[in-house]
Amino acid sequence: MSVSVRRFGAVLAGAAVSVLMFAPAAAHVTIQPGEAGGGSYSRFDFRVPNESDTASTVRLEVHFPEESPLASVRTIDVPGWSADVETVDLDTPVEVHGRQIDEAVSQITWTADSEDDGIAPGEFAEFGVSAGPLPEEGVLVFKTIQVYSDGAESAWIDEPTEDGSEPAEPAPVLTIVPGDGGHGHGTDEGADEDESQEAATASDGGTLPTVMSIVAAGLALAALVVSVMALRKRTSS
C-alpha cells in the first residue's frame, strides 16, 4: 500500500475521532431530550458544552419560565458541583394532586466547587432534573447564563423565532407533546414522591451522539474501502 493511501486512511480515521470528540463543544446549551409528555413528571438534562479555548465553565444559571410554574423540581447530584434552588411565591396557587401549591422553582444555579471541577475546554457536562407536573401543551423556555472561570459569560436567552430559524443565542427549549398518562396522576404526596423518583431514573434520549456515531462509522468505512482498493491494485500489478 502506498504512503499516500495510508495517509489518506489515517486522515479519515482521525476525522471520525474528531467528529465524536469535538462535536458537542460546537453547540449551545440544550435540553436532552427536547420533548416531554404533557402533564407528566419528567427527567431531562441541561447539556452544557464549554465553548472557550482557555477557560472552564464554573457556573450555570437556569431560569425557569414564570408563565408555566413547576411546583416540584429535584436536582441530580453532579460530582464537584453544588446546586442552589430558588423559589418564588405564586400570585395564584396551583393545585397538584389535590394540594394547593403557592410557590414554584424560579431558578437553579449550579456552581463548581473549584475551577478544576469545572467543564474544561473541549468538554461538556449534563445537569439533570426531574420536574412536574408539566403543562399539557406548548413549549418551556429556560433562559440560561453560562459563566467561565475568566469572568466571561454566555447568555443563552433568545426565545424561539416565529419562522423556526435558530436565533443567535438560543435558550434551551422543552417542547411539550401529548402525554401518555404515565406520570403526574398521583393522588397524594407519596405518589408525587414516587413519580418524581421514577422520572429521575429515565434515560437520556438525546440524538446527537447517535448522529455523530453514524458519521464516524461512515468515515471509517470509506477509509477501509480505499485501503482494500489499493491492496487489490497492488496485488494485480
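**Briefing: second pocket, two open sheets and two cis peptide bonds**

The second largest pocket has a volume of about 190 Å³. The structure described here is a predicted model, and its mean pLDDT is 77, with 64% of the residues at 70 or more. Two open sheets are described below, one of 5 strands and one of 4 strands. Two peptide bonds that precede proline, at Pro33 and at Pro133, are cis.

**Confidence of the model**

- The pLDDT falls below 50 over residues 3-26, a stretch that has 28 contacts in the model beyond near neighbours in sequence.
- Residues 181-211 also have pLDDT below 50, and for this stretch the model shows 49 contacts beyond near neighbours in sequence.

**The second largest pocket**

- The lining of the second largest pocket consists of 14 residues. Those that lie nearest its centre are Glu66, Pro69, Val88, Asp89 and Leu90.
- Two elements, β6 (81-96) and β7 (99-112), each give two or more residues to this lining. The most comes from β6, which gives 6 residues.
- Sorted by class, the lining holds 9 nonpolar, 2 polar and 3 charged residues.
- General background: a probe the size of a water molecule, rolled over the atoms, shows where empty space is left.

**The five-stranded sheet**

- Both strands named for the pocket lining also belong to an open sheet of 5 strands, whose order is β6-β7-β4-β10-β11 and whose pairing is antiparallel.
- The edges of this sheet are formed by β6 and β11 (153-156); each has a single partner strand, so one side of each is left without a neighbour in the sheet.
- From one strand to the next, the twist averages 15 degrees.
- Strands β6 and β7 run antiparallel and are joined by 12 bridges. Within this pair, Trp81 stands opposite Ala112 of β7.
- Strand β4 (residues 57-63) pairs with β7 in the antiparallel sense over 5 bridges. Here Glu61 has Thr109 of β7 as its bridge partner.
- Strand β10 (residues 143-148) is joined to β11 by 4 bridges, and these two strands run antiparallel. Ile145 stands opposite Ala155, a residue of β11.
- General background: side chains in a regular strand alternate between the two faces of the sheet.

**The four-stranded sheet**

- An open sheet of 4 strands is arranged in the order β1-β3-β8-β5, again with antiparallel pairing.
- Strands β1 and β5 (72-75) occupy the edges; each has a single partner strand, so one side of each is left without a neighbour in the sheet.
- Neighbouring strands of this sheet are turned against each other by 30 degrees on average, direction ignored.
- Strand β1 runs antiparallel to β3 (residues 42-49), and 3 bridges join the two. Gln32 stands opposite Asp45 in β3.

**Cis peptide bonds**

- Gln32, which faces Asp45 across the β1 and β3 pair, is followed by a cis peptide bond to Pro33, with omega near -10 degrees. Pro33 lies in the loop between β1 (30-32) and β2 (35-37).
- The peptide bond from Gly132 to Pro133 is likewise cis, and its omega is near -10 degrees. Pro133 is placed in the loop between β8 (124-132) and β9 (138-141).
- General background: most peptide bonds are trans, and most residues other than glycine have a negative phi.

How values were computed:
Residues numbered from 1 in each chain as written. Predicted model: local features only at pLDDT ≥ 70, side-chain atom pairs only at ≥ 80, totals over all residues. Heavy atoms only, no water. pLDDT = per-residue confidence, 0-100. Contact = heavy atoms within 4.5 Å. 1 Å grid on protein atoms, 1.4 Å probe; cavity = no way out; pocket = protein on both sides within 12 Å on 5 of 7 lines; lining within 4 Å. Points joined across faces, edges and corners; volume = space filled by probe spheres on them. Nonpolar A, V, L, I, M, F, W, Y, C, P; charged D, E, K, R; others polar. Pairing = 2+ DSSP bridges. Axes fitted to C-alpha atoms, helices over the stretch in contact; angles between N-to-C directions.
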